Amino acid sequence: MRRAILFVFSLLVVPALALAQNVDVIKERKANFKAMGDAVKPTGAMLKGEAEFDIAAVKNAIKVIQEKAPLQAKLFPDDSKEGEKTEALPVIWENKADFEERFVKLAEAAKTADASITDADTFQAEWPKVTGNCGNCHKKYRKPKD
């Protein structure tokens with residue numbers, strides 16, 4: 001009887017725990033992407049000339065990218081392909097090395113920008129090199145927005 005109970009328990013609880021981990025990792029990566037997006041949003045307006053150049057906002061965006069980008073590559077385990085309304089395309093897991101390398105490149109571009117951006121002119125020249133990494137990855141690895 002005890003074995004039967006343990007067997008049923010393992011059939012019910014173990015998959016539930018795995019699903020919970022899946023949801024947690026998806027929530028974490030979504031939170032990191034949101035943090036990066038929120039930090040970068042003011043810089044987009046600056047780049048378009050819709051807002052005044054603000055070095056503090058730029059440095060904040062750089063800091064957030066440098067903190068979050070390295071974490072992201074680890075937040076796409078094989079069991080997180082579906083669930084929690086993810087926008088991740090299956091091609092991520094087919095091209096995992098390329099996908100993970102893109103986060104390395106994003107962090108490196110942010111580091112370079114941190115050293116290079118000192119005023120509006122250097123921002124205009126350097127910032128697209130950072131955000132270009134975001135856009136290129138979105139085109140290949142994220143479901144299009146509705």
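Here is a short tour of the chain shown above, from its overall layout to its cores, cysteines and charged pairs. The model is a predicted one. The chain holds five helices and zero strands, so a look along the sequence gives the pattern α-α-α-α-α. Of its 146 residues, 27% count as buried.

**Overall layout**

- Contacts in this chain often link parts that are far apart in sequence: among those with a separation of 6 or more, 77% are between residues 24 or more positions apart.
- About 9,300 Å² of the chain is exposed, and 59% of that area is supplied by carbon and sulfur atoms.

**The nonpolar cores**

- In soluble globular proteins, nonpolar side chains tend to be buried together.
- Here, the largest nonpolar core has 20 residues. Ile-62, Ile-65, Ile-117, Trp-127 and Val-130 are the ones with the most contacts inside this core.
- Two or more residues of this core come from each of helix 1 (2-47), helix 2 (55-72), helix 4 (96-116) and helix 5 (120-141).
- Helix 2 gives the largest share, with seven residues.
- A second core, separate from the one above, has 12 residues, including Val-25, Ala-88, Cys-137 and Tyr-141.
- For a closer look at the largest core, start from Val-130: leaving aside neighbours within four places in sequence, Val-130 is in contact with Ile-65, Leu-106, Ala-109, Ala-110 and Ala-113.

**Thr-43, a buried residue of helix 1**

- Thr-43 lies in helix 1, and Thr-43 counts as buried because its relative accessibility is 0%.
- A polar atom of the Thr-43 side chain lies 2.5 Å from the backbone oxygen of Val-40.
- Not counting residues up to four places away in sequence, Thr-43 touches Ala-57, Val-58, Ala-61, Phe-123 and Trp-127. Trp-127 is also among the residues with the most contacts inside the largest core.

**Cysteines**

- A disulfide is a covalent bond between the sulfur atoms of two cysteines.
- The count of disulfides in this model is zero.
- Why is Cys-134 not bonded to Cys-137? The sulfur of Cys-137 is the closest cysteine sulfur to that of Cys-134, but at 8.2 Å it is too far for a bond.
- Cys-137 is likewise in no disulfide, its nearest cysteine sulfur being that of Cys-134.
- The surroundings of these two cysteines can be told apart by accessibility: Cys-134 counts as partly exposed at 23% relative accessibility, whereas Cys-137 is buried, with a relative accessible area of 11%.
- Cys-137 is also one of the residues of the second core.

**Salt bridges**

- Side chains of opposite charge can pair when their charged atoms come close.
- The model has seven salt bridges, and three of the pairs are described below.
- *Lys-63 with Glu-67.* The closest N and O atoms of this salt bridge are 3.8 Å apart. The two residues are four apart in helix 2, so about one helical turn separates Lys-63 from Glu-67. Lys-63 is partly exposed, with a relative accessible area of 48%, and Glu-67 is partly exposed as well, at 42%.
- *Glu-87 with Lys-145.* In this salt bridge the closest N and O atoms are 3.3 Å apart. Glu-87 sits in the loop between helix 2 and helix 3 (91-94), while Lys-145 belongs to the segment after helix 5, so the pair ties together parts that are 58 residues apart in sequence. Glu-87 counts as partly exposed at 33% relative accessibility, whereas Lys-145, at 54%, counts as exposed.
- *Arg-102 with Asp-98.* These side chains meet in a salt bridge at 2.9 Å, N to O. Both residues lie in helix 4, four residues apart, which is about one turn of the helix. Arg-102 is partly exposed, with a relative accessible area of 21%, and Asp-98 is also partly exposed, at 29%.
- Where does this last pair lead? Salt bridges that share partners join Asp-98, Arg-102 and Lys-140 into one network.

Methods:
Residues are numbered from 1 along each chain as its sequence is written. This is a predicted model: local features need pLDDT of at least 70, side-chain atom pairs count only at pLDDT 80 or more; totals for chains, interfaces and linings use all residues. Side-chain values use heavy atoms; hydrogens and water are left out. A nonpolar core is a set of buried Ala, Val, Leu, Ile, Met, Phe, Trp, Tyr and Cys residues joined through side-chain atoms within 4.5 Å. Buried means under 20% relative accessible area, exposed over 50%, partly exposed in between (1.4 Å probe, protein chains only). Contact means heavy atoms within 4.5 Å. A polar contact is a pair of N or O atoms within 3.5 Å; within protein, one must be able to donate a hydrogen and the other to accept it, and residues adjacent in sequence count only if both atoms are side-chain atoms. A disulfide is a pair of cysteine sulfur atoms within 2.5 Å. A salt bridge is a side-chain nitrogen of Lys or Arg within 4 Å of a carboxyl oxygen of Asp or Glu. Accessible areas come from the Shrake-Rupley method with a 1.4 Å probe; for residues, only the protein chains shown count as cover.
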